[in-house]
Amino acid sequence: MLPCASPIPIASLNQCIAHTRGVEPRASLGLKPWDWQFWVPTRGPPRPCRGPEAQGVGPAGGGRDLLGPPASTSERGDVFFQGKPHLPNLSMGGGSGQGIGYSSFFLIQAPRLWPFSWWSPPKKLRTEEEKKRILILMSDTGGGHRASAQALKAGFEELYGDAYKIDVLDIWTDYTPWPCNRLPKTYSFLVKYPFLWRLGFLTSQPRFVHVPVTTATAAFVGPQVSRAFDETRPDLVVSVHPLMQIVPVRVLRQRIRNGLQKAINFATVVTDLTRCHNTWYYHRVDRCFVATEASKRQALDMGLKEDQIRLYGLPIRPAFSRKYPPKEKLRKSLQMDPRKPAILLVGGGEGMGPVERTVEALSKVLDVEFQLVVVCGRNHKLVERLKRREYPAGMQVHVKGFVDNMPEFMFASDIMITKAGPGTISEALICGLPMILNAYIPCQEEANIPYVVENEVGLFERNPHKVALIVKGWLGDQAGQLRAMAQRCRKLGQPDALFNIVRELSSMVAA
């Protein structure tokens, strides 16, 4: 029989299992001993788990700690033990403890094999020095929600370096069962059929419809959402999606009531400009950040109080708040002509909309020298088609796929043609870039059109030929109007919105 550093009687094991959450052995490469951590959840002052010797049952009877003195204490009051016993051979043993000297390895593994649900593998517990965690909830229903989440993350990193750990999570896709995990694909299908999207948007607006539905959903997906909180362990939760208020807040409040976690704050950052779905506004959130007065009025109508609401603007990537060189220098660095006026045509992340027809209309209508930058996103076929086209003399075309330096192209341009997305509009305002809106998603983006037109920072026109005529006027005898619109854009833009939101969110992180 091989020597054993500390034979563990079965009675010891049973007593330890009764008082512990579990034991996690970890093989130390290159070493003969095994290394594990062993902890005991306590109420009140931390206490170690002791073997039968503590009760005078074992051979020593002196109350010796089973695995030695505690190495550290966690912030929850859990006690950590460190031990390195050598693995003994299987053996039978006597002694007053009536123990059978099983291998320590098999005894320590026994809780893993126990079939009852009360035992679960322990997780690494946090220390006081660990970074504070912020969980940002989003879903890929359109590109704006992920863009806002990434902007918030970049804002924290710019202001606070690596002081926070930021997790961006799509709870619906990554954690919930069917059909909830199909949300992004359902969105992509519905927006192709405006009638269906409008029907779904309007019928779910009333509170007596969406509150019972989301309450039932919370009961259905609650365990999965709770698991997401277990794995991320946030000190603050931030939602940038309209369907991530009621369900996560209800689950979070239940977890706090049940003592599964400490109380933390929940904030909503509304990423629509004017007309928003009512699920954005939930009266139980701690803070709601909105972009416009119209959005603030809607929040008040939905039962939020004045002190819950902050009006800062949309969170736009930090790159848009930086100082850039004059247009001529910027164009030169982008391999554009520094002297020709520049038109920026954006088809969104998927290169959708009347992009190709607009290019054709501009090439036929404009009789002045100009340059056109076309951003096609992930639509690679559109990129190839536009590159193969022949263009008239004096028209310089730069065809791009997905770009990561959009701020530079926007600051280098004079006019932007795009759909009425809230993020794109806010970016154009910061850049002082007058815009022509040529498409929109019904309901939430539809209301962005009067916001742009009434503030005299752009126009709305779907017909590509008429779009080309507007551009021709702005580059010709209406050049003064174009300059005035650019000034109004800068006045209406909110380049500090992101950092104002991030600073307030930082103050909400649980101590």
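Reader: Where is the place of Pro179?
Author: Pro179 is in the loop between helix H4 (171–175) and helix H5 (183–190). Helices here are DSSP runs of H or I with at least four residues, strands are E runs of at least two, and both are numbered from the N terminus. This is a predicted model, where local features need pLDDT of at least 70, side-chain atom pairs count only at pLDDT 80 or more, and totals for chains, interfaces and linings use all residues. Residues are numbered from 1 along each chain as its sequence is written, and side-chain values use heavy atoms, with hydrogens and water left out.

Reader: What makes the peptide bond from Trp178 to Pro179 cis or trans?
Author: Its omega is near 5°, and that bond is cis. Most peptide bonds are trans.

Reader: Why is Cys443 called buried or exposed?
Author: Buried means under 20% relative accessible area, exposed means over 50%, and partly exposed is in between (1.4 Å probe, protein chains only). Cys443 comes out at 0%, so it counts as buried. Cys443 also has a positive phi of about 75° although it isn't a glycine, and it sits in the loop between strand S15 (435–437) and helix H15 (448–454).

Reader: And Gln335, is it buried or exposed?
Author: With a relative accessible area of 68%, Gln335 is over the 50% mark and therefore exposed. Gln335 is not a glycine either, yet its phi is positive, about 60°. You'll find Gln335 in the loop between helix H10 (327–333) and strand S11 (342–346).

Reader: How do you know that S5 and S6 pair?
Author: Two strands pair if DSSP finds at least two bridges between them. Six bridges join S5 to S6, so the pair qualifies, and the two run parallel. Arg133 stands opposite Lys165 in S6. On S7, S5 has four bridges, again parallel, with Ile134 opposite Leu236.

Reader: What makes S6 and S10 edge strands?
Author: The open sheet of six strands has the order S6-S5-S7-S8-S9-S10, with parallel pairing. Strand S6 (164–169) and strand S10 (309–311) each have a single partner strand, so one side of each is left without a neighbour in the sheet. Strand S9 (residues 287–290) is joined to S10 by three bridges, and Phe289 stands opposite Arg310 in S10.

Reader: Why is S5 called mostly covered?
Author: Five of its six residues are buried. Helix H3 (residues 144–160) lies across S5 (132–137), S6, S7 (236–239) and S8 (265–269).

Definitions and conventions:
Contact means heavy atoms within 4.5 Å. Axes are lines fitted to C-alpha atoms, for helices over the stretch in contact, and angles run from 0 to 180 degrees between N-to-C directions.
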